[in-house]
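Okay, thanks for letting me jump in. I'll put the sequence and structure up and then talk through a few parts of it.

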Amino acid sequence: MNKNLLSFAILALAVVILVVNIWKPGSTESEKTTPAPTGESVDTTEDIPGAKLSSLREGAEAPDFELKTLGGETVKLSDYRGKRVILNFWATWCPPCKAEMPHMQNFYEQYNDQGVEILAVNLTSMDKGVEEVQKFVDEYGLTFLIPLDENGDVGTTYQAYTIPTSYILDENGVITKKVIGPMDENMMKDLTGVK
């Protein structure tokens with residue numbers, strides 16, 4: 001009985017993940033098939049007051065943002081021009097995020113001196129609070145920057161509906177790849193082009 005229930009739960013979870021990855025609120029067929037010109041960000045407004053949603057296609061410029069980090073410093077995405085950036089969205093309660101973090105830390109330790117930065121934006125508005133984020137960071141020994149999206153605006157802008165979601169940005173702040181789901185070190189290495 002318990003085995004059948006577990007199997008059913010796993011199957012149901014797989015179906016939900018599949019549906020969430022296929023259905024993206026606000027996206028249209030033309031958004032999926034029409035590439036944006038290189039370096040151009042296409043802004044559109046939705047029914048969210050004050051929200052500015054951007055085209056996040058490969059080849060589009062990543063929307064800039066400014067957030068406070070867990071350490072209290074202010075980071076602005078555009079300050080990282082000249083570096084390749086892994087822009088990651090995560091939460092402490094997310095099992096795939098937990099699986100991904102040791103790989104991110106290992107990658108960061110090995111390749112940070114080669115012009116690659118990790119900005120792991122915690123979706124704080126959907127998480128269990130700053131104290132839990134700090135516990136998570138301490139437990140996993142994370143040394144890369146953890147910006148806190150306390151209002152949920154950046155997660156909404158970057159359409160982080162399924163987490164972890166990562167964007168790989170080139171030195172000019174242009175999106176070269178969007179990855180939904182956890183990455184390992186080899187995948188990060190391939191996507192950022194480090195040697």
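So, valine 133: it counts as buried, because its relative accessibility is 0%, and the cut-off for buried is under 20%. This is a predicted model, by the way, so keep that in mind throughout. Valine 133 sits in helix H4. If you skip its neighbours within four places in sequence, valine 133 is in contact with Leu70, Trp90, Thr92, Asn122, Asp127, Ile146 and Leu148. Take Leu148 from that list: the C-alpha atoms of valine 133 and leucine 148 are 9.1 Å apart, with their positions 15 residues apart along the chain.

Staying with H4 for a moment, let's look at rings. How many aromatic pairs does the structure hold? Eight. One of them is phenylalanine 107 with tyrosine 111, a tilted pair, 5.0 Å centre to centre and 40° between the planes. Those two are four residues apart in helix H3, so about one helical turn separates them. Phenylalanine 107 is buried, at a relative accessible area of 1%, and tyrosine 111 also counts as buried, at 6%.

Now back to H4, for phenylalanine 136 and tyrosine 140. Their ring centres are 4.3 Å apart and the planes are at 25°; planes under 30 degrees apart count as stacked, so that's what we call this pair. Why about one helical turn between phenylalanine 136 and tyrosine 140? Because they are four residues apart in helix H4. As for burial, phenylalanine 136 counts as buried at 5% relative accessibility, while tyrosine 140 is partly exposed, with a relative accessible area of 25%.

There's also a ring cluster: Phe65, Phe89, Tyr158 and Tyr167 are linked by ring pairs. Hold on to Phe89, please, as it comes back with the sheet.

Next, the sheet. It's an open one with four strands, in the order S6-S5-S7-S8, and the pairing is mixed. S6 and S8 are the edge strands, each pairing on one side only. From one strand to the next, the twist averages 15°.

Going across, S5 and S6 run parallel and are joined by seven bridges. Leucine 87 stands opposite leucine 119 in S6. S5 and S7 pair antiparallel, over five bridges, and there phenylalanine 89 has threonine 165 of S7 as its bridge partner. S7 and S8 are antiparallel too, again with five bridges; leucine 169 has isoleucine 175 in S8 as its bridge partner. The hairpin of S7 and S8 has five residues between the strands, and glycine 173 in it takes a positive phi near 80°.

How enclosed is S7? Five of its five residues are buried, so S7 is largely enclosed by the rest of the structure. Both faces are covered: Thr165, Tyr167 and Leu169 are buried on one side, Ser166 and Ile168 on the other.

Let me zoom in on threonine 165, which is in S7, residues 165-169. Threonine 165 is buried, with a relative accessible area of 1%. Its side chain reaches the backbone oxygen of threonine 162, at 2.3 Å. For you computational folks, that's a number to look at in the viewer. Not counting residues up to four places away in sequence, threonine 165 touches Leu87, Asn88, Phe89, Ala160, Lys178, Val179 and Ile180.

Last stop, the core. In soluble globular proteins, nonpolar side chains tend to be buried together. Here, the largest nonpolar core has 47 residues, and the ones with the most contacts inside it are Leu77, Leu87, Phe89, Phe144, Ile146 and Tyr158. Which elements give two or more residues to this core? Strands S5 (84-90), S6 (116-122), S7 and S8 (175-180), plus helices H3 (95-111) and H4 (130-140). H3 has the largest share, with six residues.

Leucine 77 is on that most-contacts list, so here are its partners, leaving aside neighbours within four places in sequence: Ala62, Pro63, Asp64, Phe65, Val85, Leu87, Leu119, Tyr158 and Leu169. Among them, Phe65 and Tyr158 also belong to the ring cluster.

That's my tour, thanks.

Note on methods
Residues are numbered from 1 along each chain as its sequence is written. This is a predicted model: local features need pLDDT of at least 70, side-chain atom pairs count only at pLDDT 80 or more; totals for chains, interfaces and linings use all residues. Side-chain values use heavy atoms; hydrogens and water are left out. Buried means under 20% relative accessible area, exposed over 50%, partly exposed in between (1.4 Å probe, protein chains only). A polar contact is a pair of N or O atoms within 3.5 Å; within protein, one must be able to donate a hydrogen and the other to accept it, and residues adjacent in sequence count only if both atoms are side-chain atoms. Contact means heavy atoms within 4.5 Å. A nonpolar core is a set of buried Ala, Val, Leu, Ile, Met, Phe, Trp, Tyr and Cys residues joined through side-chain atoms within 4.5 Å. Two strands pair if DSSP finds at least two bridges between them. Axes are lines fitted to C-alpha atoms, for helices over the stretch in contact, and angles run from 0 to 180 degrees between N-to-C directions. Rings of Phe, Tyr and Trp (its six-membered ring) pair if their centres lie within 6.5 Å; planes under 30 degrees apart count as stacked, over 60 as edge-to-face and the rest as tilted.
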